[in-house]
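Got your viewer ready? Open the model, keep the selection box handy, and follow along one stop at a time.

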Amino acid sequence: MPELPEVETIKRTLRPHVLGKTIAGVEVYHPGVIAVPDAVTFKEQLTGKVVTDLERRGKYLLFFLGDEYCLIGHLRMTGRLMLAADCENIPPHTHVIFFFAGGGGLQWVDSRRFGRLYFGKKEEIVALAGLDKLGPEPLDPTFDVEALAAICAGRKRSIKQVLLDQHLLAGIGNIYADEMLFLAGIHPARPAADLSGEELTRLYHAMQDVLKQGITNGGTSFRDYVDGYGRQGKNQHHLQVYGRAGLPCRRCGRILTKIKLGGRTAVFCPACQP
């Protein structure tokens with residue numbers, strides 16, 4: 001699933017090309033990807049709207065359409081949202097096309113159709129999409145070590161599970177959680193409440209470094225993820241532990257270990273993360 005760096009990269013690649021654009025029309029090939037409203041209303045009410053802003057919240061993209069309306073996209077496992085110069089060459093698994101006045105548009109592509117689109121008035125649609133339940137943004141300037149400590153305080157779940165809980169922290173997924181725990185030297189199964197102040201400080205800085213590196217490298221691509229231009233990211237070439245179970249640690253040479261925590265896989269170095 002695209003995580004914070006991937007969705008941020010998509011936002012940054014799309015933003016200069018969509019701001020100020022008028023949606024001249026919408027084609028829906030598979031209504032099932034539209035969560036709210038029905039496909040007919042979706043097409044009718046989006047037509048004529050102007051994109052005034054594009055932002056990211058957690059793993060969601062938010063297209064603001066004037067003062068009242070918002071289009072929200074959640075890519076989930078295999079979703080792609082790409083610019084199209086003419087919208088005539090339609091990739092396989094394209095389910096929705098947004099046509100811009102003057103030419104070009106956006107294509108919503110999703111081989112497994114897990115992704116969802118939400119459209120409506122801002123206040124209502126943000127709640128319907130679940131954005132009102134998301135935790136703080138880890139890269140927000142107001143998020144600091146004290147905020148991370150408050151999230152971990154009293155929580156007996158593993159730190160890996162806490163990092164993945166979108167109600168506690170928005171945007172972190174399996175890839176970046178493994179990477180930041182390795183960089184911080186913290187075992188993924190450690191209870192969050194047991195982390196010391198020094199460990200929390202290391203984790204906070206690792207979080208900042210790992211997420212920013214992911215954005216700088218254009219996201220992590222293994223199979224499905226591409227940016228708004230259809231380009232793969234490069235961060236997969238910089239991963240230290242994720243996807244490398246059974247291989248030597250790049251730092252110390254010990255074989256990396258894989259365990260299950262709350263139904264999710266965690267990869268770590270038993271020497272660097274005791």
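Start by selecting E8, K11, R12, R15, D53, E55, R56, R57 and E137: in this predicted model, these residues are linked in a network of salt bridges. Show their side chains as sticks. Side chains of opposite charge can pair when their charged atoms come close. The structure holds 17 salt bridges, and we'll zoom in on a few of them.

Pick D53 and R15 from the network. They form a salt bridge, and their closest N and O atoms are 2.5 Å apart. Now colour strand β3 (residues 53-57) and helix α1: D53 sits in the strand and R15 in the helix, so this pair ties together parts that are 38 residues apart in sequence. Are these two buried, exposed or something in between? D53 has 21% relative accessibility, so it counts as partly exposed. R15 is partly exposed too, with a relative accessible area of 28%.

Stay in the network and click on R56 and E137. Here the closest N and O atoms of the salt bridge are 2.8 Å apart. This pair also links distant parts of the chain: R56 belongs to strand β3, while E137 is in the loop between α3 (122-129) and α4 (145-152), 81 residues away. Buried means under 20% relative accessible area. R56, at 15%, therefore counts as buried, and E137 is buried as well, at 11%.

Next, hop over to D165 and R157. Their side chains meet in a salt bridge, at 2.8 Å from N to O. D165 counts as buried at 18% relative accessibility, whereas R157 is partly exposed, with a relative accessible area of 34%.

Time for some helices. Select α1 (residues 4-18) and α7 (residues 197-216). They pack at an angle of about 40 degrees, and their axes are 8 Å apart. That angle makes α1 oblique to α7, and the crossing of the two is right-handed. Which residues of α1 and α7 meet? Light up L4, P5, E8, T9 and R12 in α1, together with L211, G214 and I215 in α7. By class, this contact of α1 with α7 has four nonpolar, two polar and two charged residues. You've seen E8 and R12 before: both belong to the salt-bridge network.

While you look at α1, notice the spacing of residues along a helix. An α-helix has 3.6 residues a turn, so residues three or four places apart point the same way.

Keep α7 on screen and swap α1 for α4. The angle between α4 and α7 is about 115 degrees, with their axes 9 Å apart. That makes α4 roughly perpendicular to α7, and this crossing is right-handed. Show V145, L148, A149 and C152 of α4, plus L200, T201, L203, Y204 and M207 of α7, which make the contact. Sorted by class, the contact of α4 with α7 has eight nonpolar residues, one polar and no charged ones.

Last stop: helix α6 (residues 174-184). Why is α6 described as largely enclosed by the rest of the structure? Because 10 of its 11 residues are buried. Among the buried ones are I175, Y176, L181 and F182. Turn on the neighbours and you'll find that the buried residues of α6 pack against α1, α5 (159-164), α7 and β11 (264-268). Finish by clicking on G185, just after α6, which takes a positive phi of about 70 degrees.

Definitions and conventions:
Residues are numbered from 1 along each chain as its sequence is written. This is a predicted model: local features need pLDDT of at least 70, side-chain atom pairs count only at pLDDT 80 or more; totals for chains, interfaces and linings use all residues. Side-chain values use heavy atoms; hydrogens and water are left out. Axes are lines fitted to C-alpha atoms, for helices over the stretch in contact, and angles run from 0 to 180 degrees between N-to-C directions. Helices (H or I, at least four residues) and strands (E, at least two) are DSSP runs, numbered from the N terminus. Angles under 35 degrees count as roughly parallel, over 145 as roughly antiparallel, 65 to 115 as roughly perpendicular and the rest as oblique. A crossing is left-handed if the near helix is turned anticlockwise from the far one by less than a right angle, and right-handed if clockwise. Contact means heavy atoms within 4.5 Å. Ala, Val, Leu, Ile, Met, Phe, Trp, Tyr, Cys and Pro count as nonpolar, Asp, Glu, Lys and Arg as charged, and the others, Gly among them, as polar. Buried means under 20% relative accessible area, exposed over 50%, partly exposed in between (1.4 Å probe, protein chains only). A salt bridge is a side-chain nitrogen of Lys or Arg within 4 Å of a carboxyl oxygen of Asp or Glu.
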